[in-house]
Amino acid sequence: MSMTLRRLSRAATAGLVAAAALTAAAHSAEAADTLGSAAAGQGRYFGTAVAASHLGEADYTATLDREFSSVTPENEMKWDATEPSRGTFTFTSADRIVDHAQSQGMDVRGHTLVWHSQLPSWVGSLGASDLRTAMKDHINGLMGHYKGEIHSWDVVNEAFQDGGSGARRSSPFQDKLGDGFIEEAFRTARAADPAAKLCYNDYNTDGVNAKSNAVYNMVKDFKSRGVPIDCVGFQSHFNSNSPVPSDYRQNLQRFADLGVDVQITELDIEGSGSAQAADYTKVVEACLAVDRCAGMTVWGVTDKYSWRSSGTPLLFDGNYQEKPAYDAVLSALGGSGDPGDPGDPGDPGDGTASCTATYTRTADWNSGYNGQVTITAGDEPISTWTVTVTLPAQQSVSSLWNGTPTWNGNVMTVKPSWNGTLAAGASTGFGFTAAKNGSDAAPTVGTCTAS
Ligand code: XIL
């Protein structure tokens, strides 16, 4: 098939693909959720990096097709794979992934157009003016081939240095074209496929630090000058040297507040068991807490093919079994597991004590009110529970019944007095009287924990 026909037929199928994606995202109450369906219930996508070379492996493809709603080619769209010599484009492997994704109604993230790594040596040997032309030709070549088929493109990847300087990283683009290469790449990309979201993507920018501040300032400058940018990707490769930052959500939110979407683009967390699961929960909860967090992608389907395989950083082990991290992610996405799988979240017999807490105002008068917090055990019996209630600063609590409070400023942590033991699904609660002292606002009830 000639390149032109290929382009036309790719574009013509894009509408059908969008319709298929909607059907795939439909939420079924009876069936067990998958990562993709649970994330769709939260208005998010859940993706994975995919290598074309594994698509022939039945378990790999079955897991991919069942669980994920978006794919990112792990290497197949990089410069060395797509334009190994100047002007000669090869899309065979990338097309395999895109065709497979479309046949399953999955979205595709494009990764990546301009990056210092996996860059063929001919690019580095060009002079400035040739390099500028080659960069634009490359963007146009890739984006033209997949026009209308890519939901987001990582237009520029990893242009900032690690460490405290916040400086740009040395690369042929930076060294020969200067800071402006990033802006030129984004402007070229917007014209090449106006439907695609255009992202800047980087690592070690997941928390607030000098590097993320530098990216933040660039995005802010782009927005103020009308340079087209729609999203920022946070790679999120975590391990003991680079743990999930405590200000991850806050960092995502400050970028979102600039008027761009944020996406978690290459998530993997080295470790195992409940510690790894808890870290994955933190990441998913952070994304869900930020309205403009459009979705998340894990960097591979199975530990055995991970680029950091020895760190077992993914959600499925080498035999495609769901790890505790999988259960944690599904649960954080609000999904429920397969009743046949005792490890799944929310299943009877999964051994995880849990509870929920809800608040109602039961009485109200000029100077005060009574509040009631109802505690309900999850699918397991529990022997104790803990709930935090944060009061508006002015308010004070004069009495509390059926619970034992401890205070830290205006946050009260309440544990049971006599009523800690609950059967699965059973409820209890505590009540309190608060003085408004000029504020009629409701208190905030935090997460209920049980054991
Ligand atoms: C990695 C791939 O996973 C490996 O297979 C390849 O050998 C090197 O690149 N940041 C990125 C990704 O943006 O493209 C990298 O992917 C991981 C770090």
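Which residues, of the 13 around the ligand, come nearest? The legends below take up this question first and then turn to other close-up views of the structure, which is a predicted model.

**View 1. Surroundings of the ligand in the predicted model.** Of the 13 residues around the ligand, those that come nearest are E74, K78, H111, E266 and W299. For K78, an N or O atom of the side chain is 2.7 Å from an oxygen atom of the ligand, and for E266 a polar side-chain atom likewise lies 2.7 Å from an oxygen atom of the ligand. Q235 places a polar side-chain atom 3.2 Å from a nitrogen atom of the ligand. On its own the ligand has 410 Å² of accessible area, and the protein covers 77% of it.

**View 2. The aromatic pair of F91 and Y146.** The structure holds 16 aromatic pairs, and one of them, formed by F91 and Y146, is edge-to-face, with 5.6 Å from centre to centre and 85 degrees between the planes. F91 lies in the loop between α4 (79–82) and α5 (92–103), while Y146 lies in the loop between α7 (128–145) and β4 (152–157), so the pair ties together parts that are 55 residues apart in sequence. Both partners are buried, F91 with a relative accessible area of 6% and Y146 with a relative accessible area of 0%.

**View 3. A cluster of aromatic rings.** Here ring pairs link W79, W122, F173 and F181 into a cluster.

**View 4. Arginine side chains placed over tyrosine rings.** The charged end of R254 sits over the ring of Y216, at a distance of 4.7 Å from the centre of that ring. In a further example, R361 lies over the face of Y369, and here the distance to the ring centre is 4.1 Å.

**View 5. The salt bridge between E184 and K136.** The structure contains 21 salt bridges, including the one that E184 forms with K136, in which the closest N and O atoms are 3.6 Å apart. Because E184 lies in helix α9 (residues 180–192) and K136 in helix α7, the pair ties together parts that are 48 residues apart in sequence. K136 counts as partly exposed, at 30% relative accessibility.

**View 6. The salt bridge between D179 and R168.** In this pair the closest N and O atoms of D179 and R168 are 3.9 Å apart. D179 lies in the loop between α8 (172–177) and α9, and R168 in the loop between β4 and α8, so that the salt bridge ties together parts that are 11 residues apart in sequence. D179 counts as partly exposed at 43% relative accessibility, and R168 also counts as partly exposed, at 23%.

**View 7. The salt bridge of K211 with D202, and a salt-bridge network.** The side chains of K211 and D202 meet in a salt bridge, with a distance of 3.4 Å from N to O. K211 counts as buried, at 2% relative accessibility, and D202 is buried as well, with a relative accessible area of 0%. Elsewhere in the structure, salt bridges that share partners join E183, R187, D221 and R225 into one network.

Methods. Residues are numbered from 1 along each chain as its sequence is written. This is a predicted model: local features need pLDDT of at least 70, side-chain atom pairs count only at pLDDT 80 or more; totals for chains, interfaces and linings use all residues. Side-chain values use heavy atoms; hydrogens and water are left out. Rings of Phe, Tyr and Trp (its six-membered ring) pair if their centres lie within 6.5 Å; planes under 30 degrees apart count as stacked, over 60 as edge-to-face and the rest as tilted. Helices (H or I, at least four residues) and strands (E, at least two) are DSSP runs, numbered from the N terminus. Buried means under 20% relative accessible area, exposed over 50%, partly exposed in between (1.4 Å probe, protein chains only). A charge sits over a ring if NZ of Lys or CZ of Arg is within 6 Å of the ring centre and within 35 degrees of the ring normal. A salt bridge is a side-chain nitrogen of Lys or Arg within 4 Å of a carboxyl oxygen of Asp or Glu. A residue is near a molecule or strand if one of its heavy atoms lies within 4 Å of it. A polar contact is a pair of N or O atoms within 3.5 Å; within protein, one must be able to donate a hydrogen and the other to accept it, and residues adjacent in sequence count only if both atoms are side-chain atoms. Accessible areas come from the Shrake-Rupley method with a 1.4 Å probe; for residues, only the protein chains shown count as cover.
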